[in-house]
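Biologist: Could you take me through one part of this model in close detail, strand by strand, and then say how neighbouring parts with similar features are built? Please give the cut-offs as you go, since I want to know what each word rests on.

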Amino acid sequence: MQDVLGNERQGAAQAQIVREAVFGGRLRDLVLDAADNRFLALESERGMVWAIDRTSGRATVISGPGVPDNANPLQSPVSLALDAANNRALVATNNSAQHITAVDLTTGARTRIGAYPDFTFSSASSIRVDAARNRLMLLQWGNNRGTTASRIIAQDLTTGQGSFFMAAGIPDNVNNPEQATRMAMDPATGRMWIPSGFFSQAILAIDPNTGARTVLTGGLAYAGHFDLDGANNRLLRCSSTRLEAIDATTGAVTTISGPGLPDNQLPFDHAWDVVLDAAANRALVTDRRGRRVIAVDLATGARSIFWESKSGSGPDIQNPDDLILDAQNNRVLVASRQAVVAVDLATGTRSTISDNTTPNANNPFSRLTSLVLVPGAGYVLAADGGNDTLYRVDLATGARTVLSSNTVPDATNPFSSPQVVFHDAVGARALVIDSSVGAVFAVDLVTGARTVVSSNTVPDSVNTFSEPTAGALDLFNGRLPVGDYGNESILSVDLITGQRTVVSNSSSGGNGPGFYNPFGTGSYDPVTNTAWFSDDSYLSLQSVDVATGDRVLVSGPTNAAPTDPMSGMAGAAWDGQATIYVADRTSGAIVAIDRVTGERVIVSK
């Protein structure tokens, strides 16, 4: 919450974060757990097992980093199978040790099991449980271009011992498979199907007793995975933009859902994995490389969203460069490329305040880089680095007016790349950091006239800017700490004289981790004399003691084992209490960070 000086203070609203709704990576290998009315799935990036409710689509973490602990982590997991009799999921990994890990479905505890012959022969690609024979079947895909055939290892679920079940020469060399990426199994008979080939793909049927292989069909384009629809004697197969059915007797291929079938609503982007939900007469298909799950009605082919890797509803946030807190309305405002988007901190709901069609096309945005609230004025100032403009955006109507540009009011002291904007309540002006000019400008809030507060010649050339990309306004002390990407430092700019002093950098001044690319609007706490900055390259939030220059890593890839990863960072909007909000520049997520523990939680995505 900002006071009249534009600084942060106590009393800001708090986000109500639902951790269970968060999913940070790509979902793969859906498996139906009908007894518990859910689907199980892997998230390979973080090594997690998720449960997705069969009815609501709500996702919860069963096992992963810190859940319930960090023992026996799932390193590069590739496939998952349900061992219902033992209340566990079995996970194949492709790390250097290549274990099968058992995950207790009640506690999430992980135990490594299995002893395999020559297990490091090639990468694991798929596993399935043959409950009737009390064994796990593990498919290894073989070397590239078929120089070594794919093979299957059978592992006894009681003893953990494994042996070759199918390989080149086992039981013979007829129809040796290559580059098999997926296995489907008939739970009643144990019969298996695998794909073979890369550019031209065949489907092979595997005898569960002998390992003998027969060709079901061939000449298929390489595509995604498949599952058995035993009641209809067919395989369901993903083929990029389509869901196909392959007759398990004749091999005939038909399209169930795809372009024009039944319509073009919600087209597949990259259909990859499929699981049958027979009771609902539907197939669930992972799409967009695991970022969403589409339910396909098997009678009509109609498609609908079942689950999506996002939290909250509303327009997607595109490549956000900054965000600010609007505590009075319990929301953050986000600079979302060509839109100003509001994100409700209680629900994660996103709504557009202004874009190039809202309320109209007048004064269009090009590439928004920063926002600042002007308290009590009913508008935000929006810096646009694409067209070198500072806009006034009405929060009620979304109307955009140009406050300052390289022609408004004139061409004096032109912008080149306005990066961060602040409201200076004491000076009744806006302050703009321009990363290309290497300067801090003052902008008159009435006329839009620009004057130089500090540059590499104003007031002198001491402690010059290189590429300033961030700032945290401190009006109590009449200064602007500026984060500079070019010289990896924090410089303090005196708002009266324009003089620059080095507060902190990696080589001189301050202890702790260095900066590389501080980005966006930071926050300042006058009580502790601390500024917070996001570092877009180090994917971290850092605090800086403005007196000593000491730096502390608040949250990043190497501390606090946070559940939710970042793929880009901008802004640091402090709520005056325990939480700092940042934007993920790649995924568009709005993330809440505990400023003490560093733990991160996605508020909206």
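Modeller: Leu42 stands opposite Val49 in S3, and this pair is a good place to enter the sheet. Since the model is predicted, local features need pLDDT of at least 70 and side-chain atom pairs count only at pLDDT 80 or more, while totals for chains, interfaces and linings use all residues. Residues are numbered from 1 along each chain as its sequence is written, and side-chain values use heavy atoms, with hydrogens and water left out.

Strand S2, residues 38–43, pairs with strand S3, residues 48–53, in the antiparallel sense over six bridges; strands here are DSSP runs of E with at least two residues, numbered from the N terminus, and two of them pair if DSSP finds at least two bridges between them. Both belong to an open sheet of four strands in the order S1-S2-S3-S4, in which the pairing is antiparallel. The edges are taken by strand S1 (27–33) and strand S4 (59–63), and because each has a single partner strand, one side of each is left without a neighbour in the sheet. From one strand to the next, the twist averages 30 degrees, where axes are lines fitted to C-alpha atoms and angles run from 0 to 180 degrees between N-to-C directions.

The loop between S1 and S2 holds Asn37, which has a positive phi of about 55 degrees although it is not a glycine. Most residues other than glycine have a negative phi, and most peptide bonds are trans. With a relative accessible area of 31%, Asn37 is partly exposed, where buried means under 20%, exposed over 50% and partly exposed in between, using a 1.4 Å probe on protein chains only. Asn233, in the loop between S17 and strand S18 (234–239), likewise has a positive phi, of about 50 degrees, without being a glycine, and at 35% relative accessibility Asn233 counts as partly exposed.

A further positive phi, near 55 degrees, is taken by Asn134 in the hairpin of S9 and S10, which has four residues between the strands. S9 and S10 run antiparallel and are joined by six bridges, with Gln140 in S10 as the bridge partner of Ala124. On the other hand, Gln140 also has Arg151 in S11 as a bridge partner, and S10 pairs with strand S11, residues 151–156, in the antiparallel sense over six bridges. Strand S10, residues 135–140, is mostly covered, with six of its six residues buried. In a regular strand the side chains alternate between the two faces of the sheet. In S10, Arg135, Met137 and Leu139 point one way while Leu136, Leu138 and Gln140 point the other way, and all are buried.

The backbone also holds cis peptide bonds. One runs from Ile170 to Pro171, with omega near -5 degrees, and Pro171 lies in the loop between strand S12 (162–166) and S13. Another joins Val408 and Pro409, with omega about -5 degrees, and Pro409 sits in the loop between strand S32 (400–405) and strand S33 (418–424).
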